[in-house]
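Please explain how this protein is put together, beginning with its overall architecture and moving on to its surface and its side-chain contacts.

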Amino acid sequence: MLAYLIIVLAVVVISFIFLGFNIFFRKKSFPETEIGRNREMRKLGLTCPKCEEIRDHRKKKTISRIDPEKLRIINP
C-alpha cells in the first residue's frame, strides 16, 4: 500500500514539473490573461468589459439628459 502511494506521489510531482517547465525553469513569464493588459488582445480591439461598460454608461449619461419641462403623460 505504501509503495503505491509513493509511486502515485512521484507521478504527480513529475506531472507538475512537466506542466510548469516553461514557468519554473525558463525565464519566460507566465502569459498575461487579463484582457486590459494583454497587447495581442488590444491589437484585436478587445478591451476590458468593465471599462467598456463604464465608458458606455458615461457616454449615455452625457448624451441623454431628461428635460422635466417637456415630459407629458399620453393616455392610450
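The paragraphs below proceed from the whole chain to individual residues.

The model is predicted, and its confidence deserves attention at the outset. The average pLDDT of the protein is 79, and 78% of the residues score at least 70. Confidence varies between the elements: α1 has the highest mean, at 93, while α2 has the lowest, at 74.

The protein contains four helices and zero strands. Read from the N terminus, the order of elements is therefore simply α-α-α-α. Of the 76 residues, 4% are buried. The accessible surface of the protein amounts to about 8,200 Å², and carbon and sulfur atoms account for 64% of that area.

One part of this surface is a nonpolar patch of about 600 Å², formed by Val13, Ile17, Phe21, Ile23, Phe24 and Phe25. Two elements each give two or more residues to the patch, namely α1 (2-19) and α2 (21-24). The greatest contribution comes from α2, which supplies three residues. Phe24 illustrates the point: this residue lies in helix α2, and its relative accessible area of 59% places Phe24 among the exposed residues, because that class begins over 50%. The helix with the lowest mean confidence, α2, is thus also the one that gives the most to the nonpolar patch.

Charged side chains offer another kind of contact. The structure holds one salt bridge, in which the side chains of Lys43 and Glu40 meet at 3.5 Å, N to O. How are these two residues placed along the chain? Both belong to helix α3 (residues 39-43), and because they are three residues apart, about one helical turn separates them. Lys43 is exposed, with a relative accessibility of 64%.

The cysteines complete the picture. The number of disulfides is zero. Cys48 takes part in no disulfide, and the nearest cysteine sulfur to Cys48 is that of Cys51, 3.8 Å away. Cys51 is likewise in no disulfide, its nearest cysteine sulfur being that of Cys48. Why does this pair not count? A disulfide requires the two sulfur atoms to be within 2.5 Å, so the separation of 3.8 Å between Cys48 and Cys51 does not meet the criterion. The surroundings of the two residues can also be described: Cys48 is buried, with a relative accessible area of 18%, whereas Cys51 is partly exposed, at 45% relative accessibility.

Notes
Residues are numbered from 1 along each chain as its sequence is written. This is a predicted model: local features need pLDDT of at least 70, side-chain atom pairs count only at pLDDT 80 or more; totals for chains, interfaces and linings use all residues. Side-chain values use heavy atoms; hydrogens and water are left out. Patches are made of residues with over 30% relative accessible area and no salt bridge: like charges are joined within 9 Å, nonpolar side chains (Val, Leu, Ile, Met, Phe, Trp, Tyr) within 5 Å. Accessible areas come from the Shrake-Rupley method with a 1.4 Å probe; for residues, only the protein chains shown count as cover. A salt bridge is a side-chain nitrogen of Lys or Arg within 4 Å of a carboxyl oxygen of Asp or Glu. Buried means under 20% relative accessible area, exposed over 50%, partly exposed in between (1.4 Å probe, protein chains only). pLDDT is the predictor's confidence in each residue, from 0 to 100.
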